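Dear colleague,

I am passing on to you the structure we spoke about, with the sequence alongside. Please have both open while you read the notes that follow.

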Amino acid sequence: MIKIENLVKNYKNTKALQGVSLEIQKGETFAIVGPNGAGKTTILNTILGLIHPTDGQITVDNIEVSKDPKEIKKRIGYLPQRISFHDNLSVFEVVEFYGALRGVNNTKLGNILSAVGILEQRNKKVGALSGGMLQRLTLAQAIVSDPQILILDEPTISLDPEGRIAFKKLIREEQSRGKTILLSSHILSYIEELADRIAILVRGKVVALDTLEGLRTKLEMGSILEVVIENPSPLAIKLVEDLGANDTEIKGKNLRCRIYPKDKTNVIKALIQNDFNIADFWTEDPSLEEIFIKYTEENSDS
Ligand code: ADP
């Protein structure tokens with residue numbers, strides 16, 4: 001659906017993108033994550049034809065962006081990081097304006113406002129909206145024409161927890177309707193729930209690209225296993241370490257270690273076989289946050 005080939009963007013003193021290639025499938029939710037300045041916005045703006053690349057090519061639906069940027073814009077709903085609406089317009093008037101630009105029937109606008117959670121504010125002036133409400137209005141303009149592709153640049157940055165929940169619900173609905181969604185963010189908690197695949201961008205280069213599960217496996221970070229043992233002793237530590245566990249520690253009755261998923265059950269079995277009474281146990285997979293930090297650290301000097 002969106003094919004990016006060897007994208008390069010140089011500014012006077014900055015190599016913003018250094019040969020980025022990505023392919024985003026139809027119906028996929030794809031996230032680009034990376035620290036500030038990594039080049040996320042530059043990629044999104046280049047797809048939209050708002051920035052001309054130094055080198056490389058992008059096609060959307062097999063149309064080359066450089067050849068027909070207008071056609072590309074018609075297919076994409078875009079949520080930029082910053083947008084300014086006229087302060088004196090009401091929420092409804094803003095959505096009406098963007099709807100009219102894209103030939104949307106006014107009867108549908110109520111549904112749009114409701115989907116992003118600002119129907120109650122429909123008569124409020126833009127100038128009186130909070131940051132979070134403004135973000136919701138920005139999202140409303142992105143989805144007003146029901147585009148097949150949504151490109152969302154840091155979509156949750158000014159949303160409060162309630163706004164983030166509403167946003168996730170909206171994205172899930174758009175996913176179930178087969179939309180192709182490209183998100184950029186440095187806030188990772190909601191991305192791990194929504195994205196099918198994640199590209200980690202550091203200094204204009206893709207340093208990792210996979211599903212969350214794939215990224216975890218590649219890093220070989222293992223999972224945290226925590227076992228509550230009625231009668232812990234140093235023998236318990238030796239047993240789990242012999243099975244390949246790292247970072248092992250006992251705090252009170254809790255034995256905590258990092259271990260590869262395939263070895264988790266062996267640890268439990270070994271403890272039981274050695275007469276440890278297990279009251280409870282649970283595992284935690286590494287979060288996207290941990291994965292992101294590891295990849296970013298590994299690639300920060302290149
Ligand atoms: P991100 O969205 O990941 O925070 P950006 O794509 O905004 O990163 O920026 C990537 C790099 O390009 C940064 O170093 C930024 O300072 C630089 N940059 C972006 N736009 C311009 C510009 N118009 N002129 C010069 N440098 C720019």
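To begin at the ligand, a backbone N or O atom of alanine 38 lies 3.1 Å from one of the ligand's oxygen atoms. Please bear in mind throughout that this is a predicted model, and that the distances and angles below should be read with that in view.

Two side chains also come up at the ligand. A polar side-chain atom of lysine 40 is placed 2.9 Å from an oxygen atom of the ligand, while tyrosine 11 brings a polar side-chain atom to 3.5 Å from a ligand nitrogen atom. On its own the ligand has 560 Å² of accessible area, and the protein covers 59% of this.

The residues that surround the ligand are Tyr11, Thr14, Ala16, Pro35, Asn36, Gly37, Ala38, Gly39, Lys40, Thr41 and Thr42. Sorted by class, this shell holds 4 nonpolar, 6 polar and 1 charged residues. Which element supplies the largest share of the shell around the ligand? That share, 3 residues, comes from helix 1, which spans residues 40-47.

Turning to the sheets, one of them is an open sheet of 4 strands, in the order 2-1-4-5 and with antiparallel pairing. Its edge strands are strand 2 (15-24) and strand 5 (63-64), each of which pairs on one side only. Strand 1 and strand 2 form a hairpin, with 4 residues between the two strands, and they are paired in the antiparallel sense over 7 bridges; within this pairing, leucine 7 has valine 20 of strand 2 as its bridge partner. Strand 1 (residues 2-10) also pairs with strand 4 (residues 55-60), again in the antiparallel sense, over 5 bridges, and here the bridge partner of isoleucine 2 is valine 60 in strand 4. Helix 1 packs on this sheet, where it touches strand 1, strand 2 and strand 4, and its direction makes about 120° with that of strand 1. The helix that packs here is thus also the one that gives the ligand shell its largest share, 3 residues.

There is also an open sheet of 6 strands, with the order 6-7-8-3-9-10 and mixed pairing. Strand 6 (76-79) and strand 10 (205-210) stand at its edges, and because each has a single partner strand, one side of each is left without a neighbour in the sheet. Neighbouring strands of this sheet are turned against each other by 15° on average, if direction is ignored. Inside the sheet, strand 3 (residues 29-33) and strand 8 (residues 180-185) run parallel and are joined by 5 bridges, with isoleucine 32 having serine 184 of strand 8 as its bridge partner. Helix 11 (residues 288-299) lies across strand 3, strand 9 (197-202) and strand 10, and runs at about 35° to strand 9.

With best regards

Terms used. Residues are numbered from 1 along each chain as its sequence is written. This is a predicted model: local features need pLDDT of at least 70, side-chain atom pairs count only at pLDDT 80 or more; totals for chains, interfaces and linings use all residues. Side-chain values use heavy atoms; hydrogens and water are left out. A residue is near a molecule or strand if one of its heavy atoms lies within 4 Å of it. A polar contact is a pair of N or O atoms within 3.5 Å; within protein, one must be able to donate a hydrogen and the other to accept it, and residues adjacent in sequence count only if both atoms are side-chain atoms. Accessible areas come from the Shrake-Rupley method with a 1.4 Å probe; for residues, only the protein chains shown count as cover. Ala, Val, Leu, Ile, Met, Phe, Trp, Tyr, Cys and Pro count as nonpolar, Asp, Glu, Lys and Arg as charged, and the others, Gly among them, as polar. Two strands pair if DSSP finds at least two bridges between them. Contact means heavy atoms within 4.5 Å. Axes are lines fitted to C-alpha atoms, for helices over the stretch in contact, and angles run from 0 to 180 degrees between N-to-C directions.
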